[in-house]
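Trainee: I would like to practise reading a fold from the whole chain down to a single residue. Could you walk me through one?

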Amino acid sequence: VQLQASGRGSVQAGDSLRLSCAAPGRTFSTFITGWFRQAPGKDREFVAYINRPGSIRHYADSVTGRFTISRDNAENVVYLHMNILKPEDTAVYYCAAANIASVRSSMYNKWGQGTQVTVSS
């Protein structure tokens, strides 16, 4: 499955932004879907994942209470709603698909191209 991430933007601290991850022409609902991010000079880190039916969600501590992951299986789209954005959220965000729910990037075998999010103070 090929993933397409979108929703890049430059915002101010405290603003909100929504990222989308689409899998055109494929059955997205058969995969666990996760979001990761990578800031300049840092390793890629886990942000959130959601299970196939959308009933289980897991978040990194750094985004809990501010970010929400959701999915629309009918439209083959997974969203990352980001609220109360902070400068430290600045990174390239990637969506990825896996067969097993995990916070480890190595468990995800399909990746989108990444989308830039920049938060200024």
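**From one residue to the whole chain**

Mentor: Gladly. Let's begin with a single side chain: apart from its neighbours within four places in sequence, Arg-18 is in contact with Ser-6, Gly-7, Tyr-79, Leu-80 and His-81. Keep in mind that this is a predicted model.

Trainee: Which strand holds Arg-18?

Mentor: Arg-18 lies in strand 3, which covers residues 17–22.

Trainee: And is Arg-18 buried, partly exposed or exposed?

Mentor: Here you need the cut-offs: under 20% relative accessible area is buried, over 50% is exposed, and anything in between is partly exposed. Arg-18 has a relative accessibility of 45%, so it counts as partly exposed.

Trainee: How far apart are Arg-18 and Thr-68, in sequence and in space?

Mentor: This is a good pair for setting sequence against space. The two residues are separated by 50 residues along the sequence, while their C-alpha atoms are 9.5 Å apart.

Trainee: Now the sheet. In what order do its strands come?

Mentor: To read a sheet, go across the strands and note who pairs with whom. In this open sheet of 4 strands the order is 1-3-8-7, with antiparallel pairing. Strand 1 (4–6) and strand 7 (67–72) have a single partner strand each and stand at the edges, so each has one side without a neighbour in the sheet. From one strand to the next, the twist averages 15 degrees.

Trainee: How many bridges join strand 3 to strand 8?

Mentor: There are 6 bridges between strand 3 and strand 8 (residues 77–82), and the two run antiparallel. For one example, take Cys-21, whose bridge partner in strand 8 is Val-78.

Trainee: Let's step back to the chain. How many helices and strands does it have?

Mentor: The count is 0 helices and 11 strands. Why is the chain described as being as compact as a globular protein of its length? Its radius of gyration is 13 Å, close to the 14 Å that the globule rule gives for 121 residues, so the description fits. The C-alpha trace spans about 40 × 25 × 25 Å along its principal axes.

Trainee: What share of the residues is buried, and what does the surface look like?

Mentor: Of the 121 residues, 46% are buried. The accessible surface of the chain is about 6,000 Å², and carbon and sulfur atoms account for 46% of that area.

Trainee: What about contacts between residues far apart in sequence?

Mentor: Take the contacts with a separation of 6 or more: 55% of them are between residues 24 or more positions apart.

How values were computed
Residues are numbered from 1 along each chain as its sequence is written. This is a predicted model: local features need pLDDT of at least 70, side-chain atom pairs count only at pLDDT 80 or more; totals for chains, interfaces and linings use all residues. Side-chain values use heavy atoms; hydrogens and water are left out. Buried means under 20% relative accessible area, exposed over 50%, partly exposed in between (1.4 Å probe, protein chains only). Contact means heavy atoms within 4.5 Å. Two strands pair if DSSP finds at least two bridges between them. Axes are lines fitted to C-alpha atoms, for helices over the stretch in contact, and angles run from 0 to 180 degrees between N-to-C directions. The radius of gyration is taken over C-alpha atoms; the globule rule is 2.2 Å times the number of residues to the power 0.38. Accessible areas come from the Shrake-Rupley method with a 1.4 Å probe; for residues, only the protein chains shown count as cover.
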